[in-house]
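I opened the notebook to follow how the strands are joined, what packs together in the interior, and where open space is left.

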Amino acid sequence: VADQPPGPVPMIFDTDIGNDADDAMAMAIIHALENRRECRLLAVTLTKDNPYAGPMVDLLNTFYGRGSIPIGLVAKGVTPEDGKYLRQVVTATDGGKPRYAHDFRPGKDAPEAVDLLRRVLAAQPDGSVVMVQVGFCTNLARLLDSKPDRHAPIPGRELVRRKVRL
């Protein structure tokens, strides 16, 4: 596309990771695109309200060499269940040591998803961000309904209109 900005595309990934494997595969593709310098993952927000979802995303980001990507957690999400693999993967051990490295600590390391979305979007150039959604649209709907705050003096719809390209 001729009007596409040069360099890696700034991306936010919003996921309900844990209900099935499509989210983990999407993260693998996003990290492969990062390796090719085609995208830059700015943040991951979760619509799965489960204590193992954040550690799972951190585990995957760490596995791909990007453990410092910010993670935002949904408040009162619609799927708090463990799903088919979250707890099993996050708590897996070999010889008493965690099988997969991660250092995620809910509360300390993870802001609420909409707050993180507003902070990340406000810091990006206009018309630059691509948002990728797998699963529920809880965080995106809440972002659109959000009020002006310390990150941006405009409501969510206007913030998205200005910052999000796709």
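**Strand pairing and crossovers**

I began with β2 and strand β3 (residues 71–73), which pair in the parallel sense over three bridges. The model I am reading is predicted. Looking for the register of this pairing, I found that the bridge partner of Thr-45 in β3 is Gly-72. I then traced the chain between the two strands and noted that β2, helix α2 (residues 53–63) and β3 make a right-handed β-α-β unit.

Next I turned to the pairing of β2 with strand β1 (residues 9–15), which is parallel as well and runs over seven bridges. Here Asp-14 has Thr-45 as its bridge partner in β2, and Thr-45 is also the residue I had found bridged to Gly-72 in β3. The chain passes from β1 through helix α1 (residues 22–35) to β2, and I recorded this β-α-β crossover as right-handed.

Is strand β2 largely enclosed by the rest of the structure, or largely open, and why? I looked up the burial of residues 39–46 and found that seven of the eight are buried, so the strand is largely enclosed by the rest of the structure.

**Nonpolar cores**

I went on to the largest nonpolar core, which has 25 residues, and listed Phe-13, Ile-17, Val-44 and Met-56 as those with the most contacts inside it. The elements that give two or more residues to this core are β1, α1, β2, α2 and α3 (86–90), and α2 gives the most, with five residues.

I checked Phe-13 in detail, leaving aside its neighbours within four places in sequence, and found it in contact with residues including Asp-23, Ala-26, Met-27 and Ile-30, with Leu-41, Ala-43, Val-44 and Thr-45, and with Val-132 and Val-134. Apart from the largest core lies another, of 16 residues, among them Ile-12, Leu-121, Met-131 and Leu-159.

**The largest pocket**

Last, I looked up the largest pocket, for which I noted a volume of about 150 Å³. Its lining includes Ala-21, Ala-24, Met-25 and Ala-28, then Met-56, Leu-59, Leu-60 and Phe-63, and also Tyr-64, Tyr-85, Val-89 and Tyr-100. The elements that give two or more residues to this lining are α1 and α2.

Which element gives the most to the lining of the largest pocket? I found that α2 does, with four residues, and I noted beside this that α2 also gives the most to the largest core. Met-56 appears in both entries, as one of the residues with the most contacts inside that core and as one of those lining the pocket.

Notes: Residues numbered from 1 in each chain as written. Predicted model: local features only at pLDDT ≥ 70, side-chain atom pairs only at ≥ 80, totals over all residues. Heavy atoms only, no water. Buried < 20%, exposed > 50% of the residue type's maximum accessible area, 1.4 Å probe, protein only. Pairing = 2+ DSSP bridges. Right-handed = clockwise from strand over helix to strand, strands pointing away. Core = buried A, V, L, I, M, F, W, Y, C linked by side-chain atoms within 4.5 Å. Contact = heavy atoms within 4.5 Å. 1 Å grid on protein atoms, 1.4 Å probe; cavity = no way out; pocket = protein on both sides within 12 Å on 5 of 7 lines; lining within 4 Å. Points joined across faces, edges and corners; volume = space filled by probe spheres on them.
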